[in-house]
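Biologist: I would like to go through the labels attached to this model and hear what each one rests on. Please set each value against its cut-off.

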Amino acid sequence: MPKEAYDLDPSVTPAMRDQLLQKLKTLPSAPGVYFHKDAKGEVIYVGKAAVLKNRVRQYFHHSPKDPKTTALVREIADTDWLVVDTEMDALFLESEMIKRYKPKWNILLRDDKTVNYVRIDFKSEVPYVSFTRTPQDDKATYIGPFYAKLPLQQALRILRKVFPYYDRPYDGKKNLNTDLGLTPGIEIGRSTPIEYKKNLRKLKLYLEGGRQKLLKDLEKQMRDASKAQEYEIAQEAKRQLFALKELQKKIVFSDKEFMDISSDQALTALQQLLDLKEPPRRLEGYDISHQSGTNVVGSMVVFTNGVSDRAEYRKFKLRNQRNDDFKNLHEVLSRRLKHTEWPYPDVILIDGGEPQLRALAPLLDSTGIPYIGRDKDGNHGRNAAVELVRLRNGVAEHVQLASDSHLAKLIARVDDEAHRFAITYHTLLRSKKMLQ
């Protein structure tokens, strides 16, 4: 590669130059997500690219830049990346990674106008899919945030061919999108509102990262419908399944990914804290949600290599409905541990402090799986401090994490997901009960 291809910005220091030059030579011509890091190894910016080689090199070319980008480049000491199959994968992975790392330069460089959510009001008889920058407290479902509107629109345009939807309030009138198969066709009897909502939930699952689970669900639906001789349903499931496989979706980390987790500061910090032999690959978080002992549910969220793995999430409806979170957690963990077909975690995170851990100790100690609690001391706000509790030889140890540390961000992310997942399931059960 000619030297002029690496005409780095003058702000790149000589010490960084050789290392970056060598790394830039290995950038692939593939879509992916890149991670700019500072001298301490902290991720300071996450971005996506249709072609990693072209996008990442732009930061270091000697060309006019706005002041904020110039300031960002001055802090970059290293760059890593993850290769994915498609631009759509890069869009979803970028969103997850920004939630995971909370990089300061994504906040400093981001215009609020670039933050977008997909909105679906499932309570409407015939919902429609739209975009918004500001989620409202209107009981609708908001998926996101995503950090660029155009790629999001392009992704939805592709997915609309697999899961047809309305993009404006339903008026019962046929239009061009009906003829093109881009709407469910309720207006011409091609589908029903119930069937349409089922498809929208598949779209929601896809957008939230549950692509592998969706593929398994479609395979099962196709087999079951075929056995029941419901051939139209089986054919539609087959169409959706083949269309998704054609897109070759994949954003789950693996051992072969470029970004080795041994360099992930959050996972290595957790490894050191718990005296583990290697960084934990599978982290499971648990929470309970109920209303005075009614509609009691438990959630299990899974983070694989530090990234939410929604296909592995599980929810539990408690067999014994009670206002006792100690017993509720015990039931959820007991039922989970009986599922030996699910990979066991390297670490378990409980939403609770010392009392909860002591109540669970007899059960969890027998498994040999390390476990910790997040003690929020009654503060369940988003900005609650991150204090960890662990039992060592029966003695409770409290560890206060710096709010801006990698480990604090990871723990907060897992705990928030467990809380969100539990609340969502509890709300669903409560709504169903009210309709009975």
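Modeller: R392 has V395 of strand 14 as its bridge partner. The model is a predicted one, and six bridges join strand 13 to strand 14 (residues 395–400).

Biologist: What makes strand 13 and strand 14 a pair, and how do they run?

Modeller: A pair needs at least two bridges. Strand 13 and strand 14 are joined by six, so they count as paired, and they run antiparallel. Two residues lie between the strands of this hairpin, and N393 takes a positive phi near 55° there.

Biologist: Which bridges join strand 12 to strand 13, and how many are there?

Modeller: Two bridges join strand 12 (residues 371–374) to strand 13 (residues 387–392), and the strands run antiparallel. The cut-off is at least two, so strand 12 and strand 13 pair as well. The bridge partner of R374 in strand 13 is L388.

Biologist: What makes strand 4 count as mostly covered?

Modeller: Five of the five residues of strand 4 (residues 116–120) are buried. On one side these are N116, V118 and I120, and on the other Y117 and R119, with both faces covered. In a regular strand the side chains alternate between the two faces of the sheet.

Biologist: Which strands does strand 4 pair with?

Modeller: Four bridges join strand 4 to strand 6 (residues 141–146), and four join strand 4 to strand 5 (residues 129–132). Both pairings are antiparallel. R119 has a bridge partner in each neighbour: Y142 in strand 6 and S130 in strand 5.

Biologist: Why is the pair of Y34 and Y45 called tilted?

Modeller: A search of the whole structure finds seven aromatic pairs. For Y34 and Y45 the ring centres are 6.3 Å apart and the planes stand at 35°. The centres lie within 6.5 Å, so the rings pair; the angle is neither under 30 degrees, for stacked, nor over 60, for edge-to-face, and therefore the pair is tilted.

Biologist: Where in the chain do Y34 and Y45 sit, and are they buried or exposed?

Modeller: Y34 is in strand 1 (residues 32–37) and Y45 in strand 2 (residues 43–49), eleven residues apart. Both are buried. Y34, Y45 and Y59 form one aromatic cluster.

Biologist: What makes R314 and K315 charges over a ring?

Modeller: R314 lies over the face of W342, at 4.8 Å from the ring centre. K315 lies over the face of Y425, at 5.5 Å from the ring centre. The distance limit is 6 Å, so both values satisfy it.

Biologist: Why is M88 called buried, and why is I107 called exposed?

Modeller: M88 has 7% relative accessibility, and buried means under 20%, so M88 is buried. I107 has a relative accessible area of 53%, and exposed means over 50%, so I107 is exposed. M88 lies in helix 4 (residues 87–101), and I107 lies in helix 5 (residues 104–109). M88 and P31 are 57 residues apart in sequence, with their C-alpha atoms 9.0 Å apart. For I107 and Y45, 62 residues apart along the chain, the C-alpha separation is 8.9 Å.

Biologist: Why are the phi values of Q229 and D275 singled out?

Modeller: Most residues other than glycine have a negative phi. Q229 has a positive phi near 60°, and D275 has a positive phi of about 55°. Q229 is in the loop between helix 9 (211–227) and helix 10, while D275 is in the loop between helix 11 and strand 7 (282–291).

Biologist: How do you know that Q229 and D275 are exposed?

Modeller: The relative accessibility of Q229 is 58% and that of D275 is 54%. Exposed means over 50%, so both qualify. In helix 11 (residues 265–273), just before D275, the buried residues include A266, L267 and L270.

Biologist: Which residues and elements line the second largest pocket?

Modeller: The lining has 17 residues, of which R190, S191, E195, N199 and E236 lie nearest the centre of the pocket. Helix 8 (193–207) and helix 10 (231–247) each give two or more residues, and helix 10 gives the largest share, six. The lining divides into four nonpolar, six polar and seven charged residues. The volume of this pocket is about 570 Å³.

Definitions and conventions: Residues are numbered from 1 along each chain as its sequence is written. This is a predicted model: local features need pLDDT of at least 70, side-chain atom pairs count only at pLDDT 80 or more; totals for chains, interfaces and linings use all residues. Side-chain values use heavy atoms; hydrogens and water are left out. Rings of Phe, Tyr and Trp (its six-membered ring) pair if their centres lie within 6.5 Å; planes under 30 degrees apart count as stacked, over 60 as edge-to-face and the rest as tilted. Buried means under 20% relative accessible area, exposed over 50%, partly exposed in between (1.4 Å probe, protein chains only). A charge sits over a ring if NZ of Lys or CZ of Arg is within 6 Å of the ring centre and within 35 degrees of the ring normal. On a 1 Å grid over the protein atoms alone, a cavity is a set of points where a 1.4 Å probe fits but cannot get out, and a pocket is an open set with protein on both sides within 12 Å along at least five of seven lines; lining residues have an atom within 4 Å of a point. Grid points are joined across faces, edges and corners, and a volume is the space filled by probe spheres set on the points. Ala, Val, Leu, Ile, Met, Phe, Trp, Tyr, Cys and Pro count as nonpolar, Asp, Glu, Lys and Arg as charged, and the others, Gly among them, as polar.
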